[in-house]
Amino acid sequence: MDGFFFDSKKNGLYRNKVDSFFIDCLTRNKSMAESHYHPYLEFLFVTKGVLKTFVEHRLFSLEEGELLIIPPACLHRTQYDKNYPVSRITLSCTKKYLLSLDSTLND
């Protein structure tokens, strides 16, 4: 599994590999310049503030306490209001990892 994602502005693949799962907690007020996609699931949970995200040409507004699940290979981009930083938790994981959890829970 190549756990990198593509950004056309950088003309290629970048980001650390996601072999099973990766959790990222951050506060941000700078919007993404370009849309991107990757071959793993992304769970985006807002812990403070409001953000907008485009997923496959649909706009979603997420507020504190809301979760968005972005399937693999879906083009997406997140936008922030530069005057109001947003805190979020992002969990990225492969389908294989989720399936391993299912088999563990059902044993």
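**Talking through a predicted β-rich chain**

Me: What share of the accessible surface of the protein chain belongs to carbon and sulfur atoms?
Reply: The accessible surface of the protein chain adds up to about 7,000 Å². Keep in mind that this is a predicted model. The part that belongs to carbon and sulfur atoms is 54%.

Me: How confident is the predictor, as an average pLDDT for the protein chain?
Reply: Of the residues, 83% score at least 70. There are weak stretches, though: pLDDT stays under 50 over residues 1-5, and also over residues 7-14. Averaged over the protein chain, pLDDT is 83.

Me: For residues 7-14, how many contacts beyond four places in sequence does the model have?
Reply: Treat these with care, since pLDDT stays under 50 over that stretch. Residues 1-5 also stay under 50, and there the model has 27 contacts beyond four places in sequence. For residues 7-14 the count is 15.

Me: What pattern does the protein chain follow when you read along the sequence?
Reply: The ingredients are 1 helix and 10 strands. Put in sequence order, they give β-β-β-β-β-β-β-β-β-β-α.

Me: Among contacts between residues at least 6 apart in sequence, what share joins residues at least 24 apart?
Reply: One pair that is distant in sequence is N83 and N29, which sit 54 residues apart along the chain with their C-alpha atoms separated by 7.0 Å. For the protein chain as a whole, the share of those contacts that join residues at least 24 apart is 67%.

Me: Which elements give two or more residues to the largest nonpolar core?
Reply: In soluble globular proteins, nonpolar side chains tend to be buried together. Here the largest nonpolar core has 10 residues: L44, V46, L51, V55, L62, L68, I70, C74, Y80 and V86. The elements that supply two or more of them are β5 (41-48), β6 (50-55) and β8.

Me: Leaving aside neighbours within four places in sequence, which residues is L51 in contact with?
Reply: L51 is one of the residues of the largest nonpolar core. S61 is also on the list for L51, with C-alpha atoms 5.8 Å apart and the two positions 10 residues apart along the chain. The full list for L51 is L44, V46, F60, S61, L62, T78, Q79, Y80, V86 and R88.

Me: Is S61 buried, exposed or partly exposed?
Reply: S61 belongs to strand β7. Beyond four places in sequence, S61 touches V50, L51, K52 and E66. The relative accessible area of S61 is 44%, so it counts as partly exposed.

Me: How far apart in space are G49 and R88, C-alpha to C-alpha?
Reply: G49 is in the loop between β5 and β6. Its contacts, leaving aside neighbours within four places in sequence, are L62, E63, E64 and V86. R88 is 39 residues away from G49 in sequence, and the C-alpha to C-alpha distance is 8.7 Å.

Me: What is the phi of E56?
Reply: Most residues other than glycine have a negative phi. E56 goes the other way: it is not a glycine, yet its phi is positive. E56 is in the loop between β6 and β7 (58-63), with a phi of about 50°.

Me: Is A73 buried or exposed?
Reply: A73 is another residue other than glycine with a positive phi, near 65°. Its place is the loop between β8 and β9 (76-79). The relative accessibility of A73 is 54% and the cut-off is over 50%, so A73 is exposed.

Me: What separates the C-alpha atoms of D19 and Y97?
Reply: D19 is in the loop between β2 (12-14) and β3 (21-28). D19 counts as exposed because its relative accessibility is 57%. Y97 is 78 residues away along the chain, and the C-alpha separation is 8.5 Å.

Me: Which residues form a nonpolar patch on the surface?
Reply: One member, L67, lies in strand β8 (residues 67-70). L67 counts as partly exposed because its relative accessibility is 49%. Together the patch residues have about 260 Å² of accessible area, and they are F45, L67 and I69.

Methods
Residues are numbered from 1 along each chain as its sequence is written. This is a predicted model: local features need pLDDT of at least 70, side-chain atom pairs count only at pLDDT 80 or more; totals for chains, interfaces and linings use all residues. Side-chain values use heavy atoms; hydrogens and water are left out. Patches are made of residues with over 30% relative accessible area and no salt bridge: like charges are joined within 9 Å, nonpolar side chains (Val, Leu, Ile, Met, Phe, Trp, Tyr) within 5 Å. Accessible areas come from the Shrake-Rupley method with a 1.4 Å probe; for residues, only the protein chains shown count as cover. A salt bridge is a side-chain nitrogen of Lys or Arg within 4 Å of a carboxyl oxygen of Asp or Glu. Helices (H or I, at least four residues) and strands (E, at least two) are DSSP runs, numbered from the N terminus. Buried means under 20% relative accessible area, exposed over 50%, partly exposed in between (1.4 Å probe, protein chains only). pLDDT is the predictor's confidence in each residue, from 0 to 100. Contact means heavy atoms within 4.5 Å. A nonpolar core is a set of buried Ala, Val, Leu, Ile, Met, Phe, Trp, Tyr and Cys residues joined through side-chain atoms within 4.5 Å.
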